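Hi everyone, thanks for making room for me today. I'd like to walk you through one protein, from its overall layout down to a few single residues. Here it is on the screen.

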Amino acid sequence: MNPNSQSLIVAGALLAFLGVGLGAFGAHALKARLAPDLLAVYHTGVQYHLWHALGIVLIGLLVQSLPGQKLLPIAGWLMVAGIILFSGSLYALSISGVRALGAVTPIGGVAFLASWAMVAWSAWQART
């Protein structure tokens with residue numbers, strides 16, 4: 001297996017594992033402790049975390065099947081950064097209540113967007 005592919009699949013699976021755990025933590029431990037608006041923020045972080053963890057696994061598989069596409073590994077690691085910045089900032093904001101942490105969230109969102117654009121471009125390039 002391609003080392004880039006393997007690393008992304010492992011990272012995606014571990015992030016999915018973490019996302020499930022954080023989702024359960026939010027549903028059980030935080031439900032009674034956070035205001036509904038902050039719990040919704042936390043939940044948004046979990047949703048994006050889990051979807052993009054699956055995206056990282058998908059990118060790892062694409063790296064394996066489209067080995068000539070150099071942007072795919074970058075896209076995968078950008079998605080990891082997106083989870084850290086986007087979801088991580090939402091987790092921190094919801095638990096701490098410090099709204100200024102939300103300023104980091106759009107940076108993670110841009111990382112997600114760039115990553116998906118790279119996946120689309122790579123798939124488009126591979127058609128020939």
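Reading along the sequence, you meet the pattern α-α-α-α. That makes four helices and zero strands. Please keep in mind that what you see is a predicted model.

Let's take the overall dimensions. The C-alpha atoms fill a box of roughly 55 × 25 × 20 Å along the principal axes. The protein has 128 residues, and 38% of them count as buried. Its accessible surface comes to about 7000 Å², and 75% of that belongs to carbon and sulfur atoms. Now look at who touches whom: among contacts with a separation of 6 or more, 76% are between residues 24 or more positions apart.

Next, let's follow helix 3, residues 71–96. How far apart should the ends of its 26 residues be? At 1.5 Å a residue, the expected span is 38 Å, and the end C-alpha atoms are 36 Å apart, which agrees. Still, helix 3 has a kink of about 25 degrees, centred on Gly 88. Just after helix 3 comes Gly 97, with a positive phi near 80 degrees.

Now for charges. Side chains of opposite charge can pair when their charged atoms come close. How many salt bridges does the structure hold? The count is one. Its partners are Arg 99 and Asp 37, whose side chains meet at 2.9 Å, N to O. Arg 99 sits in the loop between helix 3 and helix 4, while Asp 37 belongs to helix 2, so the pair ties together parts that are 62 residues apart in sequence. Asp 37 counts as partly exposed, because its relative accessibility is 39%.

Let's go inside. Is His 52 buried or exposed? This residue lies in helix 2, and His 52 counts as buried because its relative accessibility is 8%, under the 20% cut-off. Apart from neighbours within four places in sequence, His 52 is in contact with Met 79, Ile 83, Phe 112 and Trp 116.

Also in helix 2 you will find Gln 47. At 38% relative accessibility, Gln 47 counts as partly exposed. From Gln 47 to Val 20 is 27 residues in sequence, and 9.7 Å in space, C-alpha to C-alpha.

Over in helix 4 there is Ser 122. Its relative accessibility is 0%, so Ser 122 counts as buried. Which residues does Ser 122 touch, leaving aside neighbours within four places in sequence? They are Gln 69, Leu 71 and Leu 72.

Leu 71 comes up again on the surface, so to finish, let's go there. Leu 71, Ile 74, Trp 121 and Trp 124 form a nonpolar patch, with about 420 Å² of accessible area together. Helix 3 and helix 4 each supply at least two residues of this patch. Trp 121, for one, is in helix 4, and Trp 121 is partly exposed, at 46% relative accessible area. An α-helix has 3.6 residues a turn, so residues three or four places apart point the same way. Keep that rule in mind when you look at the patch again on your own screen.

That's my tour. Thanks for listening, and please ask me anything!

Key. Residues numbered from 1 in each chain as written. Predicted model: local features only at pLDDT ≥ 70, side-chain atom pairs only at ≥ 80, totals over all residues. Heavy atoms only, no water. Expected span 1.5 Å × (residues − 1). Bend = angle between axes of the 7 residues up to and from the residue. Salt bridge = Lys/Arg side-chain N within 4 Å of Asp/Glu carboxyl O. Buried < 20%, exposed > 50% of the residue type's maximum accessible area, 1.4 Å probe, protein only. Patch = residues over 30% accessible without salt bridge, like charges linked within 9 Å, V, L, I, M, F, W, Y side chains within 5 Å. Areas by Shrake-Rupley, 256 points an atom, 1.4 Å probe, with all protein chains shown as cover. Contact = heavy atoms within 4.5 Å.
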